[in-house]
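This report goes through the fold of one protein chain, then its interior, and then a few individual residues. Please keep the sequence and the structure at hand while reading.

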Amino acid sequence: MSSISKGRKGGRAVALLLLFAACAGLMVLAVGVGSVAIPARDVADILRCRLTGEPLPAHIAELTASILMKIRLPRVLLAFLCGASLSAAGAVMQSVLRNPLASGYTLGVSSGASLGAACVLLLGMRLPVFPGATLPAAGFGFGLLTVLLAMALSARFDPSLRSDTIVLTGMVISLLASAALSMVSALHKESLEALYFWQMGSFGGATMEENAILAAVLALALPCVLRFHREMDILTFGDELAGTSGFSPKRVRRALILLATLMTGTAVSFCGTIGFVDLIMPHLARKLFGARHSALLLASAMLGGAFMVLADLLARTALSPRELPVGAVTALVGAPFFLIVYFGRRRGEARR
């Protein structure tokens with residue numbers, strides 16, 4: 001390895017560490033903002049006392065500590081974990097399909113996972129062995145179903161499986177799943193308002209149990225995806241080159257889509273349908289950290305988590321005491337970005 005490549009690798013590692021520190025600082029800031037302001041020093045004191053069992057300092061009320069530990073901290077953690085999961089999955093989808101518009105949202109994973117989670121919520125279903133895993137299991141199952149359906153239909157209409165065909169088919173499947181979700185909601189009018197707000201994305205009522213499940217899924221899936229970082233680098237140049245590199249492109253692609261669906265489906269089952277974060281953040285990470293997936297995947301996850309924390313912070317404070325749907329906030333940023341990427345790509349193709 002040359003000294004230049006070592007220097008670049010070291011520079012990316014330092015940049016990732018700085019990004020991690022920035023994410024931690026943002027989360028501390030976010031848990032302190034709300035109807036009851038909690039200074040960063042008090043946040044640190046409360047966390048330290050709760051971890052060590054020490055009594056709270058005299059100037060910190062027990063109510064303040066309860067607000068932080070039972071409401072703010074679970075919510076901010078869930079926002080970060082959902083953003084990280086969605087964004088990392090989006091980076092995988094864009095790489096595997098070689099399409100800058102590919103994401104769990106555009107492929108229908110988010111809509112399918114939302115439909116599965118909503119059905120579980122309305123029917124009151126629970127897994128007998130591990131009830132807490134019912135929602136993520138339903139989200140993953142329905143999300144995987146939509147991806148498989150999109151791939152099967154794409155193969156039928158376009159045997160070459162061009163990425164544009166897969167994305168367009170996924171968007172059609174997404175619309176169908178959204179329509180089915182609307183019908184399910186209409187049949188349960190007593191839950192219509194809650195379901196509508198959940199569909200638009202919300203981290204209200206987050207629990208540490210949900211965070212533990214999502215963190216476990218992310219801790220399992222992300223390292224597995226990172227193991228394929230060299231294969232993903234090669235896949236961006238096409239299957240022909242990948243086929244001469246000693247691995248099966250189809251098998252790697254299937255494994256990566258499965259892992260991306262697991263992350264997306266689990267996140268959506270807890271927070272609802274939140275679009276565009278899995279489209280925007282991988283592009284930003286690629287601009288800042290380059291195209292190598294060893295750094296890109298980690299950067300996408302952290303940037304996605306930070307973006308979601310900021311979006312949730314804006315959603316719950318902009319019109320306080322009212323709360324905006326997080327999905328609406330991300331759509332305000334993501335929809336124009338989608339158009340910029342799409343038409344920029346079309347102009348680039350026209351010049352060739």
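## Overall fold

Read from the N terminus, the elements of the chain follow the order α-α-α-α-α-α-α-α-α-α-α-α-α-α. The model is a predicted one, and its chain holds 14 helices and zero strands. Of the 352 residues in the chain, 49% count as buried, and the surface that the chain exposes comes to about 17500 Å², of which carbon and sulfur atoms supply 67%. When contacts between residues at least 6 apart in sequence are considered, 75% of them join residues that are at least 24 apart.

## Nonpolar cores

The largest nonpolar core of the chain has 89 residues, and those with the most contacts inside it are Val 92, Phe 203, Val 225, Met 308 and Val 309. Helix H3, which spans residues 62-97, gives the most to this core, with 18 residues. A second, separate core consists of five residues, among them Leu 115, Ala 118, Leu 181 and Val 184. Returning to Val 225, its contacts beyond the neighbours within four places in sequence are with Val 92, Met 232, Leu 256, Leu 259, Met 263 and Leu 297.

## Three buried residues

The table lists three residues with their helix and their relative accessibility.

| Residue | Helix | Relative accessibility |
|---|---|---|
| Ser 110 | H4 (residues 109-123) | 0% |
| Ala 315 | H13 (residues 293-317) | 0% |
| His 293 | H13 | 3% |

Why does Ser 110 count as buried? Ser 110 is classed as buried because its relative accessibility is 0%, and the cut-off for this class is under 20%. Apart from its neighbours within four places in sequence, Ser 110 is in contact with Gly 104, Tyr 105, Thr 264, Val 268 and Thr 273.

Ala 315, in helix H13, likewise counts as buried because its relative accessibility is 0%. Its contacts, again leaving aside neighbours within four places in sequence, are with Arg 322, Glu 323, Leu 324, Val 326 and Val 329. Of these partners, Val 329 is 14 residues away from Ala 315 in sequence, while the C-alpha atoms of the two lie 6.8 Å apart in space.

His 293 also belongs to helix H13, and it is buried, with a relative accessible area of 3%. Which residues does His 293 touch, not counting those up to four places away in sequence? The residues that His 293 touches are Ser 95, Leu 226, His 229, Met 232, Asp 233 and Thr 236. Met 232 is also one of the contacts of Val 225.

Technical notes:
Residues numbered from 1 in each chain as written. Predicted model: local features only at pLDDT ≥ 70, side-chain atom pairs only at ≥ 80, totals over all residues. Heavy atoms only, no water. Helix = DSSP H or I, 4+ residues; strand = E, 2+ residues; numbered from the N terminus. Buried < 20%, exposed > 50% of the residue type's maximum accessible area, 1.4 Å probe, protein only. Contact = heavy atoms within 4.5 Å. Areas by Shrake-Rupley, 256 points an atom, 1.4 Å probe, with all protein chains shown as cover. Core = buried A, V, L, I, M, F, W, Y, C linked by side-chain atoms within 4.5 Å.
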